[in-house]
Amino acid sequence: MSESKQNSRQKCISCGINISGTNAAAFNCPECNHAIYRCAKCRKQSNLYECPDCGFTGP
Ligand SMILES: [Zn+2]
Ligand SMILES: [Zn+2]
């Protein structure tokens, strides 16, 4: 079987854990539309995120 390395690895932007299969929030950077994911824990704590693409930070 072929193994895909691009298997939609989704990491929390704030704490970096793998959030695939968890109740995480997905949204796009308001500046550059980069896809950003945040885990339920960080969402609950309203942790800041920083876009890895343009450096935009937001709640
Ligand atoms: Zn997190
Ligand atoms: Zn951005």
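The following paragraphs lead the reader through this structure, from its overall layout to single residues.

The model is predicted, and its confidence deserves a first look. The mean pLDDT of the protein chain is 86, and 86% of the residues reach 70 or more. Where pLDDT is low, the predicted coordinates should not be read in detail. Among the elements of the protein chain, confidence is lowest in strand β4 (residues 57–58), with a mean of 89, and highest in β2, at 92.

How many helices and strands does the protein chain have? There are one helix and four strands, and from the N terminus on they follow the order β-β-α-β-β. Of the contacts in the protein chain with a separation of 6 or more, 30% are between residues 24 or more positions apart.

The pairing of β1 (25–28) with β2 (35–38) offers a good place to begin. These two strands run antiparallel and are joined by four bridges. Two residues of β1 illustrate the pairing: Ala25 has Arg38 in β2 as its bridge partner, while Phe27 is partnered by Ile36, also in β2. Together β1 and β2 form a hairpin, with six residues between them.

The loop of this hairpin contains two residues worth examining. One of them is Asn33, located between β1 and β2. Asn33 shows a positive phi of about 70° although it is not a glycine. Most residues other than glycine have a negative phi. Is Asn33 buried or exposed? Asn33 counts as exposed because it has 12 C-beta neighbours inside 10 Å, and the limit for this class is 12 or fewer.

The other residue is His34, which lies in the loop between β1 and β2 as well. His34 counts as partly exposed, because it has 15 C-beta neighbours inside 10 Å. Which residues does His34 touch, not counting those up to four places away in sequence? They are Asn28, Cys29, Cys51, Pro52, Asp53 and Cys54. His34 and Pro52 are 18 residues apart in sequence, yet their C-alpha atoms are 8.2 Å apart in space.

Further along the chain, Ser46 sits in the loop between α1 (40–44) and β3 (49–50). Ser46 also is not a glycine and has a positive phi, here of about 55°. Because 10 other C-beta atoms lie within 10 Å of Ser46, this residue is exposed.

The interior can now be considered. Buried residues make up 17% of the 59 residues in the protein chain. In soluble globular proteins, nonpolar side chains tend to be buried together. Here, the largest nonpolar core has nine residues: Cys12, Ile13, Ile19, Ala24, Ile36, Tyr37, Cys39, Cys42 and Tyr49. Ile36, the bridge partner of Phe27, is thus one of the members of this core. Another member is Ile13. Leaving aside its neighbours within four places in sequence, Ile13 is in contact with Ile36, Tyr37, Arg38 and Tyr49. Arg38, in turn, is the bridge partner of Ala25.

Conventions: Residues numbered from 1 in each chain as written. Chains lettered and ligands numbered in written order. Predicted model: local features only at pLDDT ≥ 70, side-chain atom pairs only at ≥ 80, totals over all residues. Buried ≥ 20, exposed ≤ 12 C-beta atoms within 10 Å, placed from the backbone. Contact = placed C-beta atoms within 7 Å. pLDDT = per-residue confidence, 0-100. Core = buried A, V, L, I, M, F, W, Y, C linked by C-beta atoms within 7 Å. Pairing = 2+ DSSP bridges.
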